[in-house]
Amino acid sequence: MPAPTLATTNTTTTTTPASSPSSCRHLETDAYPRHACATRPIQIYLGGSFDPVHNSHLALLAHVYQHLHTAKPSSKLSAYFMPTSRSPLKDNSSRPEHRMAMLQLAIDEMTAAKAQAAISPADFGICDHEIWQTPPTYSIDTLRALRQANPEASLVFVIGADNVQSLPQWRDGDRLIEFAHLWVIPRDHLQTHQHIANLLPNKLKSALTEHIEDLKYAAKGHIYIDSHRVDPISSSAIRQAITEGSFDIAKSALPRSVYSYIMKNNLYHSY
């Protein structure tokens, strides 16, 4: 399994593995003094089909990135969209090449906007570990592979509260924190910290923390429940809007470059 890449547009992505600094390589566990790992790299992963990626996806990943960046600005911090493999249950899902291209366009557009506004651009990329695999793929396998490739990094896996509810149905869902932290975002009817915490399997409840710092200084093993509300935008609603000719709805929910790509390639028009 290669380290995550800052992808360009398709299967040929090869650059910028997010490796760990040599200053931490001698440390064998995550239970060492905090000052010893002030430069521990942090990698954030947001999974999804991204068919298409929309403004809410970008805002969510930027939100997590900004919180960790503010809390620990000296560390190497990277954030990755991690598109899933094509679902066998979705015959009309877009080809991986299209989803990768739209993600890269969205990242490029966001980076250019920040540069124009004289704001330090976030280090966003695409982790293509799952997208080219034959489904089904499992998060436990992905996180295990990411951990093996980045033994010293703090890995932060962003999931929705609805995923917490279904965690017992995941393959080894109660073992995800053996390889990463979980950052939980409220979703739909699951909005309060206590409600979400109550849904966690008993085995995971002791991993809860209210301190972001715990995710910076340990490589794995914590669960942080955010209070951030995500705009109720869904890729399926955008696809439906395009199919029905409601282009203004889609246009308002998408990065400009992604909307142009969809129109140019006639995506979603015949769903």
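Reader: Which strands does helix α2 lie across, and at what angle does α2 run to β3?

Author: Bear in mind that this is a predicted model, where local features need pLDDT of at least 70, side-chain atom pairs count only at pLDDT 80 or more, and totals for chains, interfaces and linings use all residues. Residues are numbered from 1 along each chain as its sequence is written, and side-chain values use heavy atoms, with hydrogens and water left out. Helices (H or I, at least four residues) and strands (E, at least two) are DSSP runs, numbered from the N terminus. Helix α2, residues 96-116, lies across β2 (77-83) and β3, and its angle to β3 (axes are lines fitted to C-alpha atoms, for helices over the stretch in contact, with angles from 0 to 180 degrees between N-to-C directions) is about 170 degrees.

Reader: And helix α3: which strands does it touch?

Author: Helix α3 covers residues 139-149 and packs on the sheet, with its direction at about 160 degrees to that of β4. Contact here means heavy atoms within 4.5 Å. The strands touched by α3 are β1 (42-48), β2 and β4.

Reader: What is the strand order of the sheet, and which strands are at its edges?

Author: Two strands pair if DSSP finds at least two bridges between them. The sheet is open, has 7 strands with parallel pairing, and runs in the order β3-β2-β1-β4-β5-β7-β6. Each edge strand pairs on one side only, and those are β3 (124-126) and β6 (208-209).

Reader: Which residue in β5 is the bridge partner of Phe157?

Author: Strands β4 (residues 154-160) and β5 (residues 181-185) run parallel and are joined by 5 bridges. For Phe157, the partner in β5 is Leu182.

Reader: Where is Pro52, and what is the omega of the bond joining Asp51 and Pro52?

Author: Look in the loop between β1 and α1 (55-71) for Pro52. The peptide bond that joins Asp51 to Pro52 is cis, with an omega of about 5 degrees.

Reader: Is Tyr268 buried or exposed?

Author: Tyr268 sits in the segment after α10 (256-264). Its phi is positive, about 70 degrees, although Tyr268 is not a glycine. Buried means under 20% relative accessible area, exposed over 50%, and partly exposed in between (1.4 Å probe, protein chains only). Tyr268 has 2% relative accessibility, so it counts as buried.

Reader: How does Asp172 count for accessibility, and what is its value?

Author: You'll find Asp172 in the loop between α4 (161-166) and β5. Asp172 also has a positive phi, about 50 degrees, without being a glycine. Asp172 counts as partly exposed because its relative accessibility is 32%.
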